[in-house]
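Please look at the chain shown here and follow its helices and strands step by step. The explanation below is meant to be read alongside the sequence and the coordinates.

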Amino acid sequence: DRQTLVAVLQFLRRSNLRESEEILRREARLLGDDLGGNVATVATSSPGVAAVAAVPPGKGEDRGDCEVGPSSRRQPGDGYVLYSAPCLRVSSPSSKITHSGDVSAVVVEDQPDVSAVLSAYNQQGDPTLYEEYYSGLKHFIECSLDCHRAELSQLFYPLFVHMYLELVYNQHESEAKSFFERFHGDQECYYQDDLRVLSSLTKKEHMKGNETMLDFRTSKFVLRISRDSYQLLKRHLQEKQNNQIWNIVQEHLYIDIFDGMPRSKQQIDAMVGSLAGEAKREANKAKVFFGLLKEPEFDVPLDDEDEEGENEEGKPKKKKPKKDNVGSKSKKQDPNAPPQNRIPLPELKDSDKLDKVMNMKEAARRVRLGPECLPSICFYTFLNAYQGLTAVDITDDSSMIVGGFADSTVRVWSVTPKKLRSVKTAADLSLIDKESDDVLERIMDEKTASELKILYGHSGPVYGTSFSPDRNYLLSCSEDGTVRLWSLQTFTCLVGYKGHNYPVWDTQFSPYGYYFVSGGHDRVARLWATDHYQPLRIFAGHLADVTCTRFHPNSNYIATGSADRTIRLWDVLNGNCVRIFTGHKGPIHSLAFSPNGRFLATGATDGRVLLWDIGHGLMVGELKGHTDTIYALRFSRDGEILASGSMDNTVRLWDAVKAFEDLETDDFTTATGHINLPENSQDLLLGTYMTKSTPVVHLHFTRRNLLLAAGAYSSQ
């Protein structure tokens, strides 16, 4: 490539490296203006002479600072990165590199960019040597010092996958099979599911339609390694001339290098396991406003006098400060809160204000929970649920419960003595005196009163349900690709939102109503408003299904959990991803924010609950105890207790106060991600409650801190 060579020659001349310039001119036979055709062959006459190619900044990433003498370390602002022979690159998008012994030949082909992503797997080495290359590296890593071994072992899995795919793509099927059989047993246990998918790809044709593998190809696998371990690896690969592996490291891995002590096996194990490796540290640096919005102020006393004449005026006045010190809502603006008008939120209606007043009164009678005072648990068991219970939700005031079923129905029950009633017909409504005080009561039709209402409309299993905060609406999402909004006044469907083309796994209303989020098999989450039939935001970035969604208590952020084993936090204002949390070893199925907005708890098929500090972007705890998928997580109203419900038929209660105190969130921990989790989470476990044979699919704390749990009895 003539331009590249000219650029390098100019760079060498500017740097007064006359000798290197002359050597390069001779080698490239670029004596005059002649550059034989469009194929440039750069040959090094002896291993000691470095052939140098220039890469524009960004192409090589920071991890590529290979050294050519001491002066070539990349400085911020340098125009080019220098590479020595073993990692030669030419900055053409479709360059192909072939190696034979000491001679490195760079062949630049004029291919159109249309060629599929997979074309990067064009033959790059002798297929029979792949096993030798891999076992050589394996031997080197296993014989390195303990402090480096744990970090370098992270390379095994991504290299294994890429080398296998490269063999398959180039149709060396028998070598690929032998390579897979020999080394797949060495991989970490949490990659078993991925390896199962990989083992089914045995022909080039199989790779074209496989999305998981295409993702592996296009997204760089992220490894976090200390500078010392990285230098050790680089030196080894360059000495061994192990170009095949070095190429894969350069092309397909993103090595996030940090200065300081290498991490221990425990520290690495806590953070790895996702489809694309760890999160880059940069991904968790953005500022997040995790504080709560200021609550509007009400005069509770007036209300109290109206309703309960016998109450003296002093009492309600005492109630409000108590609510404040209990924790979640305060008069003062939280320094970490977003500006009040950062995103437009709906105005409070009179009925909402009344509800808030009721809420405050309930809160005054709330039980303060703690290790000495655990909540009572009321379990709602769905008996004979042969329709297949797939989702549950409970209203904030705990008056209604909804079940989504595999037979595509949505069923709403009243759990108070008050029956569910529909509004009267239009003809009957016209007869009502609209000025009367009890008009809201009169519009209800007593003839329709019943404990259960069944909503028909979906054409596939219902996977997610969510009540609006004002209890006027209900959302449901289904395998049919739609999200439906139902009226709880008429028990009819108002809107079907069509945006997802595949099953929608979860949906949830914002804590302020109006907005809601949905996530599905198409790997994206969508933000909607009830009065728009198109989504307002599309959050794209996960590499597999979005399995669960949750709004932050201040409604400015949305958390999504995915089958790619990561959790992402998205900013509703601009749609940016502001946090990526890795550490789970299986698909995520439950999310819960702490009431103060600072922490996030996540549960997955690996049976672990992980705790995250949102502000610092760090894992701060791991709760082990469940033996199966965790489908339900909920903090008590004041955040003292975390309840988790699982397919192992248990509800467990954890001490959240103790889990979050004395956190190591100093600058060093944040910068390197060196987290030290306590060995044993049993001292945080406050209680385990077994059901007879009912997997727990939903948990809910009432306003007075009674814990409600729900699930369908299974007879097996």
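What follows goes through the helices and then turns to a sheet and to the repeats listed in a record. The model is a predicted one, and the statements below should be read with that in mind.

A suitable place to begin is the pair formed by helix H3, residues 130-143, and helix H6, residues 173-183, whose axes come within 10 Å and cross at roughly 20°. Because angles under 35 degrees count as roughly parallel, H3 is roughly parallel to H6. The crossing of these two helices is right-handed. On the H3 side the contact is made by Tyr 130, Glu 131, Tyr 134 and Ser 135, while H6 contributes Glu 175, Ser 178, Phe 179, Arg 182 and Phe 183. In general, an α-helix has 3.6 residues a turn, so residues three or four places apart point the same way.

Helix H5 spans residues 156-169 and includes Leu 165. Is Leu 165 buried or exposed? Its relative accessible area is 0%, and since buried means under 20%, Leu 165 is buried. Leu 165 also illustrates how sequence separation and spatial separation can be read together, for Leu 165 and Lys 204 are 39 residues apart in sequence, yet their C-alpha atoms are 8.7 Å apart in space.

Further along the chain, helix H11, residues 243-252, is mostly covered, with 9 of its 10 residues buried. The buried residues of H11 are Asn 243, Gln 244, Ile 245, Trp 246, Asn 247, Ile 248, Val 249, Gln 250 and His 252.

The sheet to consider next is an open one of 4 strands, arranged in the order S12-S13-S14-S15 with antiparallel pairing. Strand S12 (462-467) and strand S15 (492-498) stand at the edges, and because each has a single partner strand, one side of each is left without a neighbour in the sheet. From one strand to the next, the twist averages 20°. Within this sheet, strand S13 (residues 473-478) and strand S14 (residues 482-487) run antiparallel and are joined by 5 bridges; Ser 476, for example, has Arg 484 in S14 as its bridge partner.

An unreviewed UniProt entry lists several spans under "repeat: WD", including residues 455-490 and 623-655. In the model, residues 455-490 are 0% helix and 53% strand, with their end C-alpha atoms 11 Å apart. For residues 623-655 the corresponding values are 0% helix and 61% strand, and the end C-alpha atoms lie 10 Å apart.

Conventions:
Residues numbered from 1 in each chain as written. Predicted model: local features only at pLDDT ≥ 70, side-chain atom pairs only at ≥ 80, totals over all residues. Heavy atoms only, no water. Pairing = 2+ DSSP bridges. Axes fitted to C-alpha atoms, helices over the stretch in contact; angles between N-to-C directions. UniProt positions renumbered as here; feature names shortened; annotations may be inferred. Buried < 20%, exposed > 50% of the residue type's maximum accessible area, 1.4 Å probe, protein only. Parallel < 35°, antiparallel > 145°, perpendicular 65-115°, else oblique. Left-handed = near helix turned anticlockwise from the far one by under 90°. Contact = heavy atoms within 4.5 Å.
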